[in-house]
Amino acid sequence: MSGSHPPHPLRIVDANHDVGDVAWGGGPLGKHTATYQAFVAACRATTAEGYFCHDDMMIWAAQALDRNPDLRNAVRQRFPVLFLDEVQDNDDVQSAILHRVFVEGERPVVRQRFGDMNQAIYGSASATDVNGTNGDVFPNAAISIPVANSHRFGPQIATLADGLALSPPGLIGLREHPDAEQGRQAAILLFGAQQATDVLPAFAHLLTTRFSPAERAAGVFAAVGAIHRDTNRPDTPNCVAHYWDGYDHELARIEGRPATLIGYLRRGVRDAAGTGDVHPITEKAADAVLRLATMLNPSVRHPNLANRFRQLGRLLEHDKATLRRFHLLCWKVATGELPKNAGVWQTWKKPITDIATALLASAAAESAGDFMAWEDEREAVGVMATQGNIYSYPSMEPAVRIKVGSIHSVKGETHLATLVFDTHYKGSHLTRIKDWLTGARSGLTANKPELRKSLKQHYVAVTRPSNLLCLAMRSDAFTAAELVLLQSRNWSIGDIANQQIVWRP
């Protein structure tokens, strides 16, 4: 693209593959130009080949409804009841399609929507007015039923979290805690400007003293921040990566993958257990074979499509014998014939490798011995080729493991304990909302986008833990008077020293 404009992602805006206004030099690229028509042709070609973006599906759905109005009635007959969860994360395009399919016109279905506008952190237009484009707002005050009770946490975390809500729902924490834990579920950990990397080990040490070995083995622990990768701003620590040198923002986008092919097949069996559905097995088997093919010859690459089983079927559609061998592999795994020992696995390795080799189109094959090796099931628990951002404390023979990432990455999760790092973008996120932490202010009526965003993100973060919530902030964030206010709201205050916490009286 010419000029100083940032790269413009090509997205079709209608079923004719129009890509909308494209920034070009001093203004939009003319739609009559050869360049613009080349963009349209490229989008047509990708559609013909079966490659779609998420938003494309809404366009085809709208077109289908335009062309065949009876489709709506067929869908309503098939699905007479509609439940929508996490409505606050629906964008207006999705909401408009759902409204058109299930609600608009005669004989609407029974619809029940669930959501919390205080947790709308994905930045869509609907984050402040769901379905605002068609008047189908959520929540509809005339018929809404507020649910303020939570069994995830007790009253202390509920009170503190309620203080961060844009529209405080009056949270009631119903989780019961032993008397010894009362008033000890929330803490603010203060650290010096050069102590950011001491925060995570101090939190980990606290977990080893607060929770038993059994609780630590069964529980989930997380440390998160609003911004997880370095923004190259002068304020430090400005991101999660500044708190832990071992943090890799690239891993945050990758689900941990099994280290071996037998691990993939076991994962498929585990995911399919009790569902009556073989889809997890066929997907993991196809994913494993495609990954093996890339290992055998890295120069032969296949796009990572959403449906790996279908993708493999298309790649082998002219090699029926190999495709049958792959289907036989899936059938054996689905019917419980997965090898239980290294000896049996040895007889499986060549047939599977032959399937992967057929994808190389006669290209030379290298060795993938480690990926095809037998892995004892007990040793394989938790072993991934990509471990993800897991902080282990101590590093040798860990007593606790903590998942580290962004607030977005843990949305919807429940943790035994959660640490929230302060991060920076146009100022400190937690300092920006400290009046809400102290109780000096609550709710938000003014149109201040950064403040609104910070409150929503941290409302999500502080409602993750069941037993312990910690916020990590710089020591210079609060005045002495503000620390008194925090303690009056039952925040425990601790200073980090030598990677441990010294609690203030």
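**Salt bridges, an enclosed strand and cysteines**

At a relative accessibility of 59%, E106 counts as exposed. The model in which this residue is described is a predicted one, and the values reported below were computed from it. R107, with which E106 forms a salt bridge, is likewise exposed, its relative accessible area being 61%. In this pair the closest N and O atoms lie 3.8 Å apart, which satisfies the criterion because a side-chain nitrogen of Lys or Arg has to be within 4 Å of a carboxyl oxygen of Asp or Glu. Side chains of opposite charge can pair when their charged atoms come close, and in the structure as a whole 12 salt bridges were found.

A second salt bridge, with an N to O distance of 3.0 Å, is formed by the side chains of D287 and R308. This pair links distant parts of the chain, as D287 belongs to helix α10 (residues 279-296) and R308 to helix α11, with their positions 21 residues apart in sequence. Helix α11 itself covers residues 308-315. R308 has a relative accessible area of 9% and is therefore classed as buried, the cut-off for that class being under 20%. When residues up to four places away in sequence are left out, the contacts of R308 comprise E283, A286, D287, L290 and P303, so that its salt-bridge partner D287 also appears in the list of residues it touches, while the accessibility of R308 remains at 9%.

A further salt bridge joins the side chains of K426 and E450 at 3.9 Å, N to O. Here too, distant parts of the chain are linked: K426 is located in the loop between β11 (415-421) and α16 (429-432), whereas E450 is found in helix α18 (residues 449-462), and the two are 24 residues apart. K426 is exposed, with a relative accessible area of 58%, whereas E450, at 24%, is partly exposed. Elsewhere, E86, D89 and K411 are joined into one network by salt bridges that share partners.

Attention then turns to strand β7 (residues 186-191), of which 6 of the 6 residues are buried, so that the strand is largely enclosed by the rest of the structure. Its side chains fall into two sets, A186, I188 and L190 pointing one way and A187, L189 and F191 the other, and all of these residues are buried. Strand β7 runs parallel to strand β12 (residues 465-474), to which it is joined by 6 bridges, and within this pairing L190 stands opposite M473. Pairing in the parallel sense also connects β7 with strand β13 (residues 492-497), in this case over 4 bridges, with I188 standing opposite I493 of β13.

The cysteines were examined last. A disulfide is a covalent bond between the sulfur atoms of two cysteines, and the count of disulfides in this model comes to 0. C43, for which the nearest cysteine sulfur is that of C53 at 8.0 Å, takes part in none, because the sulfur atoms of a disulfide have to be within 2.5 Å. C43 counts as buried at 10% relative accessibility, and C239 also counts as buried, with a value of 0%.

Notes. Residues numbered from 1 in each chain as written. Predicted model: local features only at pLDDT ≥ 70, side-chain atom pairs only at ≥ 80, totals over all residues. Heavy atoms only, no water. Buried < 20%, exposed > 50% of the residue type's maximum accessible area, 1.4 Å probe, protein only. Contact = heavy atoms within 4.5 Å. Pairing = 2+ DSSP bridges.
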